[in-house]
Amino acid sequence: MTLFEKIIAREIPATILHEDELCIAFKDIKPGAPVHLLVVPRKPVPRVAAATADDQALLGHLLLTAGKIARDQGFAEDGFRVVINNGPHGGETVPHLHVHVLAGRPLQWPPG
Ligand code: AMP
């Protein structure tokens with residue numbers, strides 16, 4: 001079971017902001033910005049590179065959910081960043097696909 005499956009199963013606590021039939025969104029435990037959320041599919045797809053055509057709707061749902069949360073939480077207009085880390089060079093540490101949503105301050109580009 002991945003760390004995020006344990007959060008979904010309520011075995012590990014998290015501040016959950018959104019939940020639906022396909023995904024869950026909660027606060028990152030080590031925020032990199034004033035707002036730092038993770039949007040995580042219930043299905044434990046390890047990473048983008050492991051997704052298949054069967055996951056097409058799910059991948060779209062994760063981005064639509066990120067946008068909806070941004071609007072609902074009031075940071076869509078100021079702006080935000082969506083990040084998916086894939087593999088060692090991408091900085092992936094949890095092998096369960098997740099969309100980072102960062103907001104609340106101007107963000108640097110390019111990332112480190
Ligand atoms: P990544 O490095 O892209 O795989 O992102 C994993 C993210 O999960 C990191 O930003 C961590 O801070 C975050 N994280 C790790 N453990 C927890 C936890 N128990 N609750 C919430 N976020 C976590």
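The exercises below work through aromatic pairs, strand β5, the nonpolar cores and a cavity in a predicted model.

Residues are numbered from 1 along each chain as its sequence is written, and side-chain values use heavy atoms, with hydrogens and water left out. Because the model is predicted, local features need pLDDT of at least 70 and side-chain atom pairs count only at pLDDT 80 or more, while totals for chains, interfaces and linings use all residues.

**Exercise 1. Find the aromatic pairs and state the burial of their members.**

Step 1. Rings of Phe, Tyr and Trp (its six-membered ring) pair if their centres lie within 6.5 Å; planes under 30 degrees apart are stacked, over 60 edge-to-face, and the rest tilted. A search of the whole structure gives two aromatic pairs.

Step 2. Phenylalanine 4 and phenylalanine 26 are edge-to-face, at 5.5 Å centre to centre and 70° between the planes. Since phenylalanine 4 lies in helix α1 (residues 3-8) and phenylalanine 26 in strand β2 (residues 23-27), the pair ties together parts that are 22 residues apart in sequence. Helices (H or I, at least four residues) and strands (E, at least two) are DSSP runs, numbered from the N terminus. Phenylalanine 4 and phenylalanine 26 are both buried, where buried means under 20% relative accessible area, exposed over 50%, and partly exposed in between (1.4 Å probe, protein chains only).

Step 3. Phenylalanine 75 and phenylalanine 80 are also edge-to-face, at 5.8 Å centre to centre with 80° between the planes. Phenylalanine 75 is buried because its relative accessibility is 7%; phenylalanine 80, at 32%, counts as partly exposed.

**Exercise 2. Describe how strand β5 (residues 99-103) is covered and paired.**

Step 1. Five of the five residues of β5 are buried, so the strand is largely enclosed by the rest of the structure. Val99, Val101 and Ala103 are on one side, His100 and Leu102 on the other.

Step 2. Two strands pair if DSSP finds at least two bridges between them. Strand β3 (residues 35-41) runs antiparallel to β5, joined by five bridges; the bridge partner of leucine 38 is histidine 100.

Step 3. Strand β4 (residues 80-83) pairs with β5 over four bridges, also in the antiparallel sense. Here valine 82 stands opposite valine 101.

**Exercise 3. Which elements supply the largest nonpolar core?**

Step 1. A nonpolar core is a set of buried Ala, Val, Leu, Ile, Met, Phe, Trp, Tyr and Cys residues joined through side-chain atoms within 4.5 Å. The largest has 15 residues, and those with the most contacts inside it include Leu37, Val39, Phe75 and Val101.

Step 2. β2, β3, α2 and β5 each supply at least two residues. The most come from α2, with five.

Step 3. Not counting residues up to four places away in sequence, isoleucine 69 touches His18, Ala25, Leu37, Val39 and Phe75; contact means heavy atoms within 4.5 Å.

Step 4. A second, separate core of eight residues includes Phe4, Ile24, Val40 and Val94.

**Exercise 4. Locate the largest cavity through its lining.**

Step 1. On a 1 Å grid over the protein atoms alone, a cavity is a set of points where a 1.4 Å probe fits but cannot get out; lining residues have an atom within 4 Å of a point. Grid points are joined across faces, edges and corners, and a volume is the space filled by probe spheres set on the points.

Step 2. The count is one cavity of 30 Å³ or more. The largest cavity holds about 40 Å³ of space.

Step 3. Its lining consists of Pro46, Arg47, Val48, Ile84, Asn85, Glu92, Val94, His96, Leu97 and His98.

Notes: On a 1 Å grid over the protein atoms alone, a cavity is a set of points where a 1.4 Å probe fits but cannot get out, and a pocket is an open set with protein on both sides within 12 Å along at least five of seven lines; lining residues have an atom within 4 Å of a point.
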